[in-house]
Amino acid sequence: GLALCERGVEVTLEDVSPSSLSLAEDYGAGKRRGAEQAGPDLVIVATPPDVVVDVVHRCLETFPSATVIDVASVKAGIAREVAERSSHASRFVPTHPMAGRERGGAVSGRSDLFTARPWIICPQGSQVTAAVRAFIVSLGALPVEMSPEDHDDAVALMSHIPQLVASLTAARLQEVSELALGLAGAGVCDVTRIAQSDPALWVQIFAAN
């Protein structure tokens, strides 16, 4: 939202949490959606994995002319379930930007987050895929096409295992003495930085992949 607003794109926001929605507005990520507004051209579903399919299905039904993408860290199960549930699945493109931070929420948003980072697309029809590719390029990211299965195999190794190792290492450090912790250097900080990520979110990601 921050990156799009900087580029003069009209962004509307929805969130189940009124406080999160207000915070995103205050930080300049867009404006809350009004009931009388015209439907969007593109819907970006940025929710935890366990509700992505429900939200994508609702958006496909609510906005009949919109392309819908998600940005979840798993793809195969989501793509399969959307195809099974929706007669409009051809307008849905599963995607995953390989850029993120260990802290979530509007206060951690950055408009340059996607610059020069891979953004994976799991292709659908050529027309909608081309539109999504153009959107990704407009944010300075690098589109990479992969099947949902190849994506899940790749990120399991490149993203999910490192997160698991970081979390296990951080958990082990809870048992050491203050004296031992005082010896920690940059290596410990590097290895455990992403262990600050939301554990509930990662439980969903591991379960889904």
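Buried means under 20% relative accessible area, exposed means over 50%, and partly exposed lies in between. Keep those cut-offs at hand for this tour of a predicted model.

**Stop 1: helix 9.** Select residues 199–208, which form helix 9. Now pick out Trp-202 and Phe-206, four residues apart in this helix, about one turn. Their rings form a tilted aromatic pair. The centres are 5.4 Å apart, with 40 degrees between the planes. Is Phe-206 buried, exposed or partly exposed? Its relative accessibility is 31%, so Phe-206 counts as partly exposed. Trp-202 has 12%, so Trp-202 counts as buried.

**Stop 2: helix 6 against helix 9.** Add residues 148–173, which are helix 6. The two axes come within 11 Å and cross at roughly 130 degrees. Helix 6 and helix 9 are therefore oblique to each other. Their crossing is left-handed. Which residues meet here? Show Ser-159, His-160, Gln-163 and Leu-164 on helix 6, then Trp-202, Ile-205 and Phe-206 on helix 9. This contact divides into four nonpolar residues, three polar and no charged.

**Stop 3: more rings.** The structure holds three aromatic pairs. Select Trp-119 and Phe-135 for an edge-to-face pair. Centre to centre, these rings are 5.8 Å apart, and their planes stand at 75 degrees. The pair links distant parts of the chain, 16 residues apart: Trp-119 sits in strand 6 (residues 118–121) and Phe-135 in helix 5 (residues 126–138). Trp-119 is buried, at 3% relative accessible area. Phe-135, at 11% relative accessibility, also counts as buried.

**Last stop.** Add Phe-114. Ring pairs link Phe-114, Trp-119 and Phe-135 into a cluster.

Note on methods
Residues numbered from 1 in each chain as written. Predicted model: local features only at pLDDT ≥ 70, side-chain atom pairs only at ≥ 80, totals over all residues. Heavy atoms only, no water. Axes fitted to C-alpha atoms, helices over the stretch in contact; angles between N-to-C directions. Helix = DSSP H or I, 4+ residues; strand = E, 2+ residues; numbered from the N terminus. Parallel < 35°, antiparallel > 145°, perpendicular 65-115°, else oblique. Left-handed = near helix turned anticlockwise from the far one by under 90°. Contact = heavy atoms within 4.5 Å. Nonpolar A, V, L, I, M, F, W, Y, C, P; charged D, E, K, R; others polar. Phe/Tyr/Trp six-rings, centres within 6.5 Å; stacked < 30°, edge-to-face > 60°. Buried < 20%, exposed > 50% of the residue type's maximum accessible area, 1.4 Å probe, protein only.
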